[in-house]
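The questions below go through a protein model, taking its enclosed space, its helix packing and its cysteines in turn.

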Amino acid sequence: MLDSGFRMDGHTLGCFAYSLCKSGKWREALVLIESEEFLPDTVLYTKMIAGLCEASLFDEAMEFLDRMRSSSSIPNVVTYNVLLSGCLRKRQLGRCKRIISMMIPEGCYPGHQIFVALVHAFCNLKDYSYAYKLLKKMVKCGYRPGYVVYNVLLGGLCGNEEFPGSDVLELAENTYNEMLDAGVILNKVNVANFTRCLCGAGKFEKAHGIIREMMSKGFIPDCSTYSKVISFLCDASKVDKAFTLFEEMKSNGVVPDVYTYTILIDSFCKAGLIEQACRWFDEMVRDGCAPNVVTYTALIHAHLKAKKLSRANQLFESMLSEGCSPNVVTYTALIDGHCKTGEIEKACQIYLKMRGNPSLADINMYFRVCENELTEPNVFTYGALIDGLCKAHKVREARELLDAMSVAGCEPNQIVYDALIDGLCKVGKLDEAQEVFAKMSESGYCPNVYTYSSLLDRLFKDKRLDLALKVLTKMLENSCIPNVVTYTEMIDGLCKVGKNDEAYRLLVMMEEKGCHPNVVTYTAIIDGLGKAGNINKCFELFEQMRSKGCAPNFVTYGVLINHCCAAGLLDDAYKLLGEMKLTYWPMHVAGYRKVIEGFNRDFIVSLGLLDDMGTSNSVPLVPVYNVLIDNFVKAGRLEVALDLHEEIRSSLISLAGYKTVYASLIESLSLAGKVDKAFELYADLIKQGDIPKLSTFVYLIRGLVKVNKWDEVLQLSDSLCQMNIVWVKDEGTAIKG
């Protein structure tokens with residue numbers, strides 16, 4: 001072409017130069033332009049920059065911008081967009097930032113679609129703050145971010161599996177608010193994702209509000225959207241809000257599916273609200289929504305834990321009749337449920353049958369469908385049974401089961417090891433616990449706070465303080481921070497060996513470390529100080545716990561009342577009783593059990609509370625009243641003692657644990673010459689079918705003699721002879737012959 005005397009026009013030269021640059025031959029392109037005696041302009045440079053971007057020669061492309069300016073060719077919006085698009089296609093996002101910072105001040109704005117692509121790219125890079133800045137830049141460049149870009153940004157901010165951090169969630173909320181102001185709505189996926197993230201951050205009301213706002217703008221949430229929010233509400237134990245949202249879902253004409261029902265049924269079962277869970281089960285069956293194996297398993301497990309075996313078996317039968325086969329989770333739930341109701345032998349039989357061994361007749365019903373295709377136990381099955389065996393103090397069998405699961409090729413996990421270590425520690429087998437601890441470490445599991453807590457609890461109970469301190473040191477070396485349970489166990493252990501000063505220093509230290517003492521912690525140290533006679537410090541701590549928002553419970557009051565009585569501070573004890581009645585009075589055994597949850601069993605037994613709970617469904621205040629009445633009687637303040645008796649008498653269903661109070665009152669009233677009142681108590685005792693001790697009759701007779709009622713003495717003596725009573729000499733009590 002050159003030999004023929006022809007020269008290329010600008011378009012042809014531009015295409016040739018583009019091809020050369022695309023092949024990486026940009027120097028040849030420059031030589032060609034020079035040989036053609038062509039003065040490069042903005043269009044030609046732009047084509048060459050496009051070629052360099054295709055060849056991924058981004059440094060050279062950026063240099064061409066400087067080359068353009070030196071030859072008086074000013075980059076225009078097309079040049080910048082070509083360079084920006086090229087860098088974006090090759091994911092050169094750092095260069096994209098630089099180009100945007102250069103072009104916008106020069107009045108060259110990226111195209112709308114490029115902005116959308118950039119927002120998406122920076123979201124994928126998780127550079128959310130810059131993605132949000134791009135949204136602002138769009139507005140400054142005269143664009144209105146629309147449906148696509150808002151949803152791209154919110155999808156990037158909230159569409160990941162892990163929850164966003166607080167700063168990212170704040171960006172999402174700001175974006176959402178701007179979006180609302182712009183009259184744009186979220187798509188269905190982003191409604192679910194955004195509300196899920198808000199629920200994960202505990203912003204349940206806001207999540208619920210977003211669904212309502214979107215509905216007001218024409219968005220129709222489907223079952224999946226509601227189910228995701230309901231699921232997160234349930235996971236956060238906000239079952240009341242989940243219930244409200246579920247009812248709203250139905251009122252809006254959205255039909256729940258098996259997933260929605262199962263989420264609610266499972267969560268309400270775990271919260272102990274079995275009746276409501278059953279109502280939903282009946283509702284879903286009525287409306288033609290077939291329960292699946294997860295639904296049945298949740299209900300069966302809940303009924304077993306509530307000791308409703310017949311209903312659990314009915315549900316199992318129903319599951320089979322509907323053609324729904326149990327899986328390993330179902331059998332694990334059966335084992336766990338039977339363990340929690342004390343049916344350890346039956347739980348073991350179910351496990352053995354899963355392993356193909358013969359079983360007892362009363363568990364064969366669980367295996368009718370899958371006799372020929374038995375389900376192998378998994379790590380959770382073994383974990384449930386090992387935990388159950390340990391809680392039943394069958395640690396030898398639990399240890400054997402740990403070995404069996406390894407032989408079966410099922411490797412124990414952290415939870416299994418922790419359950420066994422705790423069980424061994426509870427029964428005093430510290431050496432075996434340390435062996436399992438070593439095995440756990442060899443298997444690659446690091447001891448956690450629960451592992452260390454079990455060991456520390458045992459060491460303190462055995463008064464092996466030197467070893468306990470070594471374990472604590474090791475715990476801290478492994479960056480395992482003690483929790484409130486661990487600190488409480490150590491404080492309680494120190495108090496039990498009389499090291500109250502060390503216990504108090506540990507209490508101060510745990511607060512300095514940001515771990516707040518709970519009611520169990522305070523009660524343990526108050527008890528330790530009270531036993532040491534330091535009642536003033538007890539009251540100081542009692543006031544301190546209340547000032548820090550930790551409410552004393554029934555056990556705390558009982559401990560402090562005991563120590564006040566021991567110190568002769570009866571008026572203070574009486575005042576505490578009055579305060580306890582106003583602020584804390586559990587009316588049911590279920591509530592009472594919740595109160596003592598978390599306290600050391602030995603500690604509860606020492607207060608006489610465990611027996612009281614087991615023998616009576618009344619308000620479990622008998623031990624407190626026993627102490628108070630006994631001390632007021634000894635102090636000669638009979639009127640107060642009788643008032644206390646009248647208070648507690650109306651709450652008694654049986655006299656278990658209270659007979660000694662009757663005997664003490666009758667004795668004191670008789671000796672004080674108040675025989676009429678003494679005989680009232682005696683009559684009440686007889687009316688309830690109880691037979692007083694011989695000493696009680698003796699004091700009644702002495703009282704009658706004291707007030708010269710000889711006829712009544714003879715009548716009581718005669719009736720005593722006719723009562724056909726055989727006196728038990730050793731115990732000083734009586735039984736009817």
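Q: Which helix gives the largest share of the lining of the largest cavity?
A: This is a predicted model, in which local features need pLDDT of at least 70, side-chain atom pairs count only at pLDDT 80 or more, and totals for chains, interfaces and linings use all residues. Residues are numbered from 1 along each chain as its sequence is written, and side-chain values use heavy atoms, with hydrogens and water left out. On a 1 Å grid over the protein atoms alone, a cavity is a set of points where a 1.4 Å probe fits but cannot get out, and lining residues have an atom within 4 Å of a point. The largest share of that lining, four residues, comes from H29.

Q: Which residues line the largest cavity, and how many of them are charged?
A: The lining is made up of Asp-492, Cys-495, Lys-496, Ala-524, Asp-527, Gly-528 and Lys-531, and the elements giving two or more residues to it are H27 and helix H29 (519-531). With Ala, Val, Leu, Ile, Met, Phe, Trp, Tyr, Cys and Pro counted as nonpolar, Asp, Glu, Lys and Arg as charged, and the others, Gly among them, as polar, the lining has two nonpolar and one polar residue, and the charged ones number four.

Q: How are H25 and H27 oriented to each other?
A: Axes are lines fitted to C-alpha atoms, for helices over the stretch in contact, and angles run from 0 to 180 degrees between N-to-C directions. Helix H25 (residues 449-461) and helix H27 (residues 484-496), both DSSP runs (H or I, at least four residues) numbered from the N terminus, pack at an angle of about 5 degrees with their axes 9 Å apart. Since angles under 35 degrees count as roughly parallel, H25 and H27 are therefore roughly parallel.

Q: Which residues of H27 does H25 meet?
A: Contact here means heavy atoms within 4.5 Å, and the residues of this contact divide into five nonpolar, three polar and two charged. From H25 come Val-449, Ser-453, Leu-456, Asp-457 and Phe-460, and these meet, in H27, Thr-486, Glu-489, Met-490, Gly-493 and Leu-494.

Q: How many disulfides does the model have?
A: A disulfide is taken as a pair of cysteine sulfur atoms within 2.5 Å. The sulfur of Cys-564 is 7.0 Å from the closest cysteine sulfur, in Cys-565, which is too far for a bond, and Cys-348 is in no disulfide, the nearest cysteine sulfur, that of Cys-339, being 6.8 Å away. By this rule the count of disulfides comes to zero.

Terms used
Angles under 35 degrees count as roughly parallel, over 145 as roughly antiparallel, 65 to 115 as roughly perpendicular and the rest as oblique. On a 1 Å grid over the protein atoms alone, a cavity is a set of points where a 1.4 Å probe fits but cannot get out, and a pocket is an open set with protein on both sides within 12 Å along at least five of seven lines; lining residues have an atom within 4 Å of a point.
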